[in-house]
Amino acid sequence: MSALDDRPLLVAEGLTKHYGQHIGCADVSLDIHEGEVVAVVGESGSGKSTLLGLLSTQLLPSAGSVRYRMRDGEERELLSLSEAERRFLLRTDWGFVHQDARLGLRMGVSAGGNVGERLMAVGWRHYGRIRAEAEHWLDRVEIARSRIDDRPDTFSGGMRQRLQIAKNMVTRPRLIFMDEPTGGLDVSVQARLLDLIRGFVSDYGLAAVIVTHDLAVARLLSHRIVVMRHGRVIETGLTDQVLDDPREPYTQLLVASILQA
Amino acid sequence: MSDAAVYNFAYLDEQTKRMIRRALLKAVAIPGYQVPFASREMPMPYGWGTGGVQVTAAVLGADDTLKVIDQGADDTTNAVSIRKFFERTAGVATTTHTSDATVIQTRHRIPETPLREGQILVYQVPIPEPLRFLEPRETETRRQHALEDYGLMHVKLYEDIARHGHIATTYAYPVKVDGRYLMDPSPTPKFDNPKMDMCPALQLFGAGREKRIYALPPYTRVVSLDFEDHPFEPTKFDRGCALCGAEGIYLDEVVTDDRGGRMFVCSDTDFCESRCTPPRTAAQGLNEVPR
């Protein structure tokens, strides 16, 4: 891990988003370093997804800025990128895993086609090589090669999420955004998915921002945690520290409301 | 032909033709780009060539000679009625001979006789957007065109190979125009794709229901998309025309009886007739096949 740059990968400053009179997210500042997993937790409506949208430039902020260190080492203000550059970034150096796999996958296109899409978008034009790469990534996410020509609508929920991850990993992104990636999955399937994500983080030095309302997921995956309430960050710190010794009353409430099995 | 007097020349009013010509000029200036236009209701149903008819009406002059083909044939309902339509409303000369025509409106074929400079080929287009079945949002496909973001089209070809072992798209085979725009060549068979490349004639495409016009100026590069290890191949036939014996042309399969009898004949009727002795005609041709 010595090759990692000391500078943060992504720096958000004063991110604010208003929906009319309502506040989606107010004055959020956040650094993300290479190989670091940051969990954003909070109850429904606390602005988690808005923050994810702002960080990934899918939403335009009302105020604030997001800087990103590109692969060439140059830091760029994301809002100043052209739309073409932003799209390119979003599907090469970034990944996005949705809670609902139907948003992240083409349900009418085979698993191989889904994984190959990013490659074809960046100019791969050799069928055999695209397919070999798709097989490699299906292996990595533990989907049988024999399913390569099956459509994701024949896949189980857990497989769909793993396919989404394969689809994103194929261009070796450095930063991946996940919106409730384990939502709606049963516990054993969740565990397998979390294991997989952890493996990618350590193997590829992947950085991730994971939005979740599940503190167990945050504890298992993330290095740092950001607690949000009413659109504001109320507490942030190392995951274990925040979860074991929460400072804010609201965080204490969150932690206390986990069912102990 | 007293009817001609009650219609404006070529049916459409002058303002409408002017609007269409403006769209055409823009389309010619940006080869392969779909220009929106205010498509009019025409006295025929959508799907019968309302886009092509409007483009033809806009480019037709009094001294033009018009040919209309439908799947290569001059004698099918669609071709005959559009030809009659312009005979009545514009009083222009019509022909079935490709080389005599100055404007050719076509549905799904390019004539076998090579086109020359000065000719205009007008295509009827049902769905102008090549990405439509992969991406239903018009806002998104427009953005993809604007950003030249065409990876999705290869996903379609990838799916073909994954499913069938080869690129199974045989018509409406996507092309890249002048190294820039992705274009649907209308549902012409992929056999005709190479004819679009560097064609000396002006090629105009009209989609009436979808309200889009696009164009290929003469001598424009038109490249069919493919993979390095699965290159584009035009359809090949293992036989010649049963009537005129021509080879290397596009054939139609014709069922001749109810006992499984069939024959393969030129889809381009004009081309076939010009080669047959005695000439093949619409009425007798198929019945008089020597067994």
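Guide: Two residues are in contact if their C-beta atoms, placed from the backbone, lie within 7 Å. This is a predicted model: local features need pLDDT of at least 70, side-chain atom pairs count only at pLDDT 80 or more, and totals for chains, interfaces and linings use all residues. Residues are numbered from 1 along each chain as its sequence is written; chains are lettered from A and ligands numbered from 1 in the order in which they are written.

Visitor: Which residues does A:Val40 touch?

Guide: Leave out residues up to four places away in sequence. What remains is A:Lys48, A:Leu51, A:Val209, A:Ile210, A:Val211, A:Val226 and A:Met228.

Visitor: Which helix gives the largest share of the largest nonpolar core?

Guide: A nonpolar core joins buried Ala, Val, Leu, Ile, Met, Phe, Trp, Tyr and Cys residues through C-beta atoms within 7 Å. Buried means 20 or more other C-beta atoms within 10 Å of a residue's own. The largest core has 132 residues, with the most contacts inside it at A:Val40 and B:Leu24. Six residues, the largest share, come from chain B's helix H6 (151-164).

Visitor: Which are the edge strands of the seven-stranded open sheet in chain B?

Guide: Strands (E, at least two residues) and helices (H or I, at least four) are DSSP runs, numbered from the N terminus. Strands pair if DSSP finds at least two bridges between them. The order is E1-E9-E8-E5-E4-E2-E3, with mixed pairing. Pairing on one side only are E1 (35-36) and E3 (93-94).

Visitor: Which residue stands opposite B:Phe205?

Guide: Strands E8 (202-207) and E9 (212-216) of chain B are antiparallel, over five bridges. Opposite B:Phe205, in E9, stands B:Tyr214.

Note on methods
Buried ≥ 20, exposed ≤ 12 C-beta atoms within 10 Å, placed from the backbone.
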